[in-house]
Amino acid sequence: KANPTLEGWRVQIYFESGNNSKTLATNARERFLELFPDHGAYLSFNEPYYKVRVGDFRTRMDAEGFRQMVITEFPNSYVVPDKVLYNRLK
(Lines give C-alpha, C1' and ligand atoms only; values in the text may rest on other atoms or scores of the structure.)
Protein backbone atom coordinates (compact mmCIF):
# COMPACT_ATOMS: atom_id res chain seq x y z
CA LYS A 1 0.00 0.00 0.00
CA ALA A 2 1.35 3.39 -0.94
CA ASN A 3 2.42 5.74 1.80
CA PRO A 4 -0.07 8.64 1.85
CA THR A 5 1.38 12.11 1.44
CA LEU A 6 0.11 15.50 2.49
CA GLU A 7 1.20 19.10 2.19
CA GLY A 8 3.88 19.87 4.72
CA TRP A 9 7.43 21.12 5.11
CA ARG A 10 10.99 19.87 4.76
CA VAL A 11 14.44 21.33 5.24
CA GLN A 12 16.49 21.51 2.06
CA ILE A 13 20.14 20.86 2.95
CA TYR A 14 21.61 20.57 -0.53
CA PHE A 15 20.86 22.17 -3.91
CA GLU A 16 23.43 22.10 -6.69
CA SER A 17 24.09 21.40 -10.34
CA GLY A 18 27.33 20.52 -12.10
CA ASN A 19 29.77 17.69 -12.58
CA ASN A 20 30.01 16.42 -9.01
CA SER A 21 26.55 17.41 -7.85
CA LYS A 22 25.16 13.86 -7.74
CA THR A 23 28.10 12.60 -5.67
CA LEU A 24 27.95 15.63 -3.38
CA ALA A 25 24.18 15.25 -2.94
CA THR A 26 24.59 11.56 -2.07
CA ASN A 27 27.35 12.46 0.41
CA ALA A 28 25.18 15.16 2.03
CA ARG A 29 22.28 12.71 2.36
CA GLU A 30 24.50 10.02 3.91
CA ARG A 31 26.11 12.50 6.31
CA PHE A 32 22.68 13.72 7.37
CA LEU A 33 21.44 10.16 8.01
CA GLU A 34 24.50 9.42 10.16
CA LEU A 35 23.77 12.49 12.28
CA PHE A 36 19.96 12.27 12.31
CA PRO A 37 19.01 8.62 11.69
CA ASP A 38 15.42 9.14 12.89
CA HIS A 39 14.56 11.54 10.06
CA GLY A 40 13.95 10.83 6.40
CA ALA A 41 16.34 12.20 3.78
CA TYR A 42 15.18 12.45 0.18
CA LEU A 43 17.43 12.96 -2.82
CA SER A 44 15.78 14.22 -6.00
CA PHE A 45 16.96 15.31 -9.41
CA ASN A 46 15.18 18.05 -11.30
CA GLU A 47 17.22 18.97 -14.36
CA PRO A 48 19.91 20.28 -13.82
CA TYR A 49 19.75 20.32 -10.01
CA TYR A 50 20.24 17.67 -7.36
CA LYS A 51 18.41 18.39 -4.12
CA VAL A 52 18.42 16.78 -0.71
CA ARG A 53 15.45 17.52 1.50
CA VAL A 54 15.11 16.15 5.00
CA GLY A 55 12.41 15.59 7.58
CA ASP A 56 8.64 15.40 7.32
CA PHE A 57 6.94 18.25 9.15
CA ARG A 58 3.32 19.31 9.36
CA THR A 59 4.05 22.98 10.05
CA ARG A 60 6.64 25.47 8.92
CA MET A 61 7.41 26.19 12.59
CA ASP A 62 8.32 22.54 13.20
CA ALA A 63 10.57 22.55 10.13
CA GLU A 64 12.22 25.81 11.23
CA GLY A 65 12.90 24.30 14.64
CA PHE A 66 14.56 21.31 13.02
CA ARG A 67 16.56 23.59 10.73
CA GLN A 68 18.09 25.15 13.85
CA MET A 69 19.34 21.66 14.81
CA VAL A 70 21.00 21.00 11.44
CA ILE A 71 22.28 24.48 10.58
CA THR A 72 25.77 23.99 12.02
CA GLU A 73 26.31 20.93 9.79
CA PHE A 74 24.33 22.29 6.82
CA PRO A 75 24.70 26.09 6.97
CA ASN A 76 22.94 26.71 3.64
CA SER A 77 19.81 24.82 4.64
CA TYR A 78 16.38 26.40 4.40
CA VAL A 79 12.75 25.42 4.86
CA VAL A 80 10.64 24.53 1.82
CA PRO A 81 7.04 23.44 1.33
CA ASP A 82 6.84 19.86 0.10
CA LYS A 83 4.69 16.76 0.02
CA VAL A 84 5.56 14.82 3.17
CA LEU A 85 5.03 11.21 4.12
CA TYR A 86 2.16 10.91 6.56
CA ASN A 87 3.65 8.01 8.51
CA ARG A 88 6.96 9.89 8.96
CA LEU A 89 5.43 12.97 10.62
CA LYS A 90 7.07 13.75 13.93
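So, the lining of the largest pocket: by class, that's seven nonpolar, two polar and three charged residues. This is a predicted model, by the way. The pocket holds about 170 Å³ of space. Who lines it? On the list you'll find Gln12, Ile13, Tyr14, Phe15 and Glu16, then Ala28 and Arg31, and after those Glu73, Phe74, Pro75, Asn76 and Tyr78. Two elements give two or more residues each, β1 (5-16) and α1 (21-35), and β1 has the largest share, with five.

Okay, let's follow β1 into the sheet. We've got four strands in an open sheet, ordered β2-β3-β1-β4, with antiparallel pairing. At the edges are β2 (41-46) and β4 (78-85), each with a single partner strand, so each has one side left without a neighbour in the sheet. From one strand to the next, the twist averages 40 degrees.

Now β1 and β3, that's residues 49-57: they pair antiparallel over six bridges. Gln12, which we just met in the pocket lining, has Arg53 in β3 as its bridge partner. And packed on the sheet is α2, touching β1, β3 and β4, with its direction at about 30 degrees to that of β1.

Last stop, Arg67. This one sits in helix α2, residues 60-70. What does its side chain reach at 2.8 Å? The backbone oxygen of Ser77. If you leave aside neighbours within four places in sequence, Arg67 is in contact with Val11, Ser77, Tyr78 and Val79. And Tyr78, remember, is also one of the residues lining the largest pocket.

Notes
Residues numbered from 1 in each chain as written. Predicted model: local features only at pLDDT ≥ 70, side-chain atom pairs only at ≥ 80, totals over all residues. Heavy atoms only, no water. Polar contact = N/O pair within 3.5 Å; in protein donor to acceptor, adjacent residues only side chain to side chain. Contact = heavy atoms within 4.5 Å. 1 Å grid on protein atoms, 1.4 Å probe; cavity = no way out; pocket = protein on both sides within 12 Å on 5 of 7 lines; lining within 4 Å. Points joined across faces, edges and corners; volume = space filled by probe spheres on them. Nonpolar A, V, L, I, M, F, W, Y, C, P; charged D, E, K, R; others polar. Pairing = 2+ DSSP bridges. Axes fitted to C-alpha atoms, helices over the stretch in contact; angles between N-to-C directions.
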